[in-house]
Amino acid sequence: MGTVVIRKGRAKPLWRGHPWVFRDSIERVEGDPEAGELVSVQDASGRGIGCGFFSPRSKISVRVLDRAERIEPDCEFFGARIERAAKLRRETLDLSVVTDAYRLVHSEGDLLPGLIVDQFANHLVVQFSTAGMHRHREVILDTLEELEKPRAIFAAPDKSAAKHEGLPDAPGLLRGTAPESPPEINEHGVRFRVILGAGQKTGFYTDQRDNREYIGRLARGRRVLDLHTYTGGFALYAAANGAREVLGIDSSGPSLANAVDNAMLNNVRQVRFERDDVKSALNRLHEAGRRFDIVVSDPPKFAPSKRDVSRALSAYRDLHLRAMRLVEPGGLLAASSCSGAVNVEEFEQTVRDAAYDLGRHARILHRGGQAPDHPVLATCPEGRYLKFLLVCVE
């Protein structure tokens, strides 16, 4: 078992519970640990901080798994962590009252950094984003089969993480039997078919559940525009809750085909979808004089890392400006960002800047984030990645 020794003066965040050991915080690595191997983490004086999986190709060289200097990452270890995660969702949060689709394991938020497991009815989709979790893949899959008894388990690799960690990035069936058709899930009474492991993330954005429900409650009798609609999430919530007119826009043909299928599944006829680049669509709608009571902006990640933040903030400001031009005076802009590298203050500033440039007043009515099945470890605030603002635009 190798040992990672932290440079003098750089161990304080780790002692306070932060789980990430950055490459530039390391004084030396003792032994010759391989990628994915369990290593001990010590401060400069030799005191043990904990242990975690080693990722020599990543900027985050170790993700601390436990405060013990050594653990056995076996079925018993993973079983205890996954059972605790499942209990949080099923007993504490009682999610079965509102949905049969949720995040069962959320990486650092469930003390299993590098592992994501989403449940869609009787199926699971897993994402291994560190060499350590991937190295223990079979043990984790065995544990999930024993505890959850899913019909099938699919892989949905994070391509960016796979590149940095040197992992395979092909999606596909891992265990069980693939369903003949995409399984159906129910969320607050709105139904979706999920193409498991395909498209973005694991096939469906469970993190926006509460925000979708919030917009749905406001949509009755209103005209709603859903930008980057993906498979129709916000658009279908609005339509199912009595919106007068709903338009969803996305550039992905397969995603929109799924969205149309979901609209038919919910028997909503006042919603339509258009395939277009969102920026082009916003310009086209503006030139046509179109206005909406609610505009939802939920783009993909603009800032994968810190070096992308400046460019991302400019892109958010531009998107908000174009979206605000379509909001009726007194209407609402619902603006989201899933870029963890962009903080809340920076994101709010892009809304203020866009309103200023248009000569309009913007009042923030509500601040939201990811649903509670995506918990944030208190000592790792970086886990709060999703920002959601509801803005009244005068």
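In which helix is the place of S255? S255 sits in helix α8, residues 253–265. Before going further, note that this is a predicted model, where local features need pLDDT of at least 70 and side-chain atom pairs count only at pLDDT 80 or more, while totals for chains, interfaces and linings use all residues. Residues are numbered from 1 along each chain as its sequence is written, and side-chain values use heavy atoms, with hydrogens and water left out. Helices (H or I, at least four residues) and strands (E, at least two) are DSSP runs, numbered from the N terminus.

Back to S255: with a relative accessible area of 9%, this residue is buried (under 20%; exposed is over 50% and partly exposed in between, with a 1.4 Å probe and protein chains only). Leaving aside residues up to four places away in sequence, S255 touches Y230 and T231, where contact means heavy atoms within 4.5 Å.

Now for the sheets. Strands of a sheet pair through backbone hydrogen bonds, either parallel or antiparallel; here, two strands pair if DSSP finds at least two bridges between them. One open sheet has five strands in the order β7-β8-β9-β10-β11, with mixed pairing. At its edges are β7 (101–106) and β11 (172–176), each pairing on one side only. Within this sheet, β10 (residues 152–155) and β11 run antiparallel and are joined by four bridges. Look there for I153, which stands opposite R175 in β11.

Another open sheet, also of mixed pairing, has seven strands in the order β16-β15-β14-β17-β18-β20-β19. Its edge strands are β16 (271–275) and β19 (362–368), and each pairs on one side only. Strands β14 (residues 223–227) and β17 (residues 292–297) run parallel, joined by four bridges, and V224 stands opposite I294 in β17.

What lies across β17, β18, β19 and β20? That's α6, which runs at about 20° to β20. Axes are lines fitted to C-alpha atoms, for helices over the stretch in contact, and angles run from 0 to 180 degrees between N-to-C directions.

Helix α6 (residues 209–218) also packs with helix α7 (residues 233–240), at an angle of about 35° and with the axes 8 Å apart. On the α6 side, the residues that meet α7 are R209, N211, R212, E213, I215 and G216, and their partners in α7 are G233, F234 and Y237.
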